[in-house]
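Reader: I am a first-year student and I would be grateful for a close look at one part of this structure. Please begin with whatever term I need in order to follow your reasoning.

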Amino acid sequence: MITDKSGKEYTVIPLSEFDDFGEVARFVSSVRATSPHLLRANPVTANEEKKFIDDYRKSAEKGESVIIIALDGNRIVAWASLDSKGGRMRHVTTLGVMLEDSYRGKGLGQAIIREILKHRTPLMGKIKLSVASDNKVAIHVYTKTGFKEVARFKDWVRNDDGTYCDDVVMELEE
Ligand SMILES: CC(C)(COP(=O)(O)OP(=O)(O)OC[C@H]1O[C@@H](n2cnc3c(N)ncnc32)[C@H](O)[C@@H]1OP(=O)(O)O)[C@@H](O)C(=O)NCCC(=O)NCCS
């Protein structure tokens with residue numbers, strides 16, 4: 001269970017325990033449609049999400065990935081992931097987080113990041129993420145939850161309006 005700033009409670013479960021692939025597709029498609037800072041904007045189908053979750057279950061069993069979702073009733077409203085690519089960089093794990101549009105700005109993003117960091121597996125050493133320099137809210141939230149900028153790639157992100165911003169890499173300070 002996590003709470004937002006108003007004290008509202010949300011049930012948190014591992015994505016591997018959630019079988020409503022249509023709801024997963026609705027959530028991911030809706031977040032992508034309302035998040036200009038995410039790299040992907042295309043909608044996804046229930047079948048694509050079923051395949052994604054089947055693959056994810058295998059990497060979760062190996063301790064290489066963890067995905068949790070926060071539910072408001074039966075509706076997914078927030079998602080956080082930790083994903084290691086394996087091999088010689090398997091101790092480097094990437095954090096991802098996304099919220100449904102109408103649930104942003106209530107403290108839920110900070111709450112789900114703090115929650116997923118409790119679910120790190122023994123394989124997961126360094127935690128890092130990549131964020132567009134224009135995404136001021138996300139950078140503020142990541143800084144508040146313990147991340148620090150460690151690298152910056154100039155103009156690596158092209159915005160929909162044709163302008164460019166930097167790809168910022170942040171790492172969790174232990
Ligand atoms: C980024 C995201 C995960 C943050 O979660 P959230 O629940 O909206 O954020 P929170 O409500 O926990 O915190 C927002 C913070 O940003 C601050 N903020 C708001 N506008 C801001 C701005 N323009 N510049 C800097 N900080 C700002 C708020 O004051 C708040 O900080 P505070 O708690 O210190 O007052 C969420 O908005 C989201 O899913 N966005 C779309 C997808 C996305 O961009 N994901 C990240 C990709 S790297």
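Author: A residue is termed buried if 20 or more other C-beta atoms lie within 10 Å of its own, exposed if 12 or fewer do, and partly exposed in between. The model discussed here is a predicted one. The part chosen for a close look is Y164, and other parts of the chain are then set beside it.

Y164 has its place in strand β8, which covers residues 164–172. Because Y164 has 13 C-beta neighbours inside 10 Å, and the partly exposed class lies between 12 and 20, Y164 counts as partly exposed. When residues up to four places away in sequence are not counted, Y164 touches D155, V157, R158 and N159. A further relation links Y164 to D134: these two residues stand 30 apart along the chain, and their C-alpha atoms are separated by 9.1 Å.

One of the residues that Y164 touches, D155, deserves attention of its own. D155 belongs to strand β7, made up of residues 147–158. With 11 other C-beta atoms within 10 Å, D155 is exposed, because a count of 12 or fewer places a residue in that class. The backbone of D155 also has a noteworthy angle: its phi is near 60°, which is a positive value in a residue other than glycine.

A buried residue offers a useful contrast. A78 lies in strand β4, residues 75–84. A78 has 27 other C-beta atoms within 10 Å and is therefore buried. If neighbours within four places in sequence are left aside, the contacts of A78 are with I69, A70, L99, Y103, L108 and I112. The C-alpha atoms of A78 and V97 are 7.6 Å apart, although their positions lie 19 residues apart in the count along the chain.

L99, one of the contacts of A78, leads to the ligand. In total, 21 residues surround the ligand, and the closest are L99, R104, G109, K136 and H140. Two or more residues of this shell come from each of β5 (92–99), α3 (108–117) and α4 (136–144). The greatest contribution to the shell is that of α4, with six residues. By class, the shell comprises nine nonpolar, eight polar and four charged residues.

K136, which is among the closest residues to the ligand, can also be placed relative to I53. The two are 83 residues apart along the chain, and 30 Å separates their C-alpha atoms. I53 is found in helix α2. Since 17 C-beta neighbours lie inside 10 Å of I53, this residue counts as partly exposed. Beyond its neighbours within four places in sequence, I53 is in contact with L15 and F21.

The helix that holds I53 packs against another. The axes of α1 (residues 21–33) and α2 (residues 46–61) come within 8 Å and cross at roughly 100°. The two helices are therefore roughly perpendicular to each other. On the α1 side the contact is made by F21, G22, V24, A25 and V28, and on the α2 side by A46, E49, K50 and I53. Six of these residues are nonpolar, one is polar and two are charged.

Helix α2 itself has 16 residues, and from its first C-alpha to its last it reaches 22 Å, close to the 22 Å expected at 1.5 Å a residue. G63 follows α2 and has a positive phi, near 80°.

Technical notes:
Residues are numbered from 1 along each chain as its sequence is written. This is a predicted model: local features need pLDDT of at least 70, side-chain atom pairs count only at pLDDT 80 or more; totals for chains, interfaces and linings use all residues. Axes are lines fitted to C-alpha atoms, for helices over the stretch in contact, and angles run from 0 to 180 degrees between N-to-C directions. Helices (H or I, at least four residues) and strands (E, at least two) are DSSP runs, numbered from the N terminus. Angles under 35 degrees count as roughly parallel, over 145 as roughly antiparallel, 65 to 115 as roughly perpendicular and the rest as oblique. Two residues are in contact if their C-beta atoms, placed from the backbone, lie within 7 Å. Ala, Val, Leu, Ile, Met, Phe, Trp, Tyr, Cys and Pro count as nonpolar, Asp, Glu, Lys and Arg as charged, and the others, Gly among them, as polar. A residue is near a molecule or strand if its C-beta atom, placed from the backbone, lies within 6 Å of it. The expected span of a helix is 1.5 Å times one less than its number of residues.
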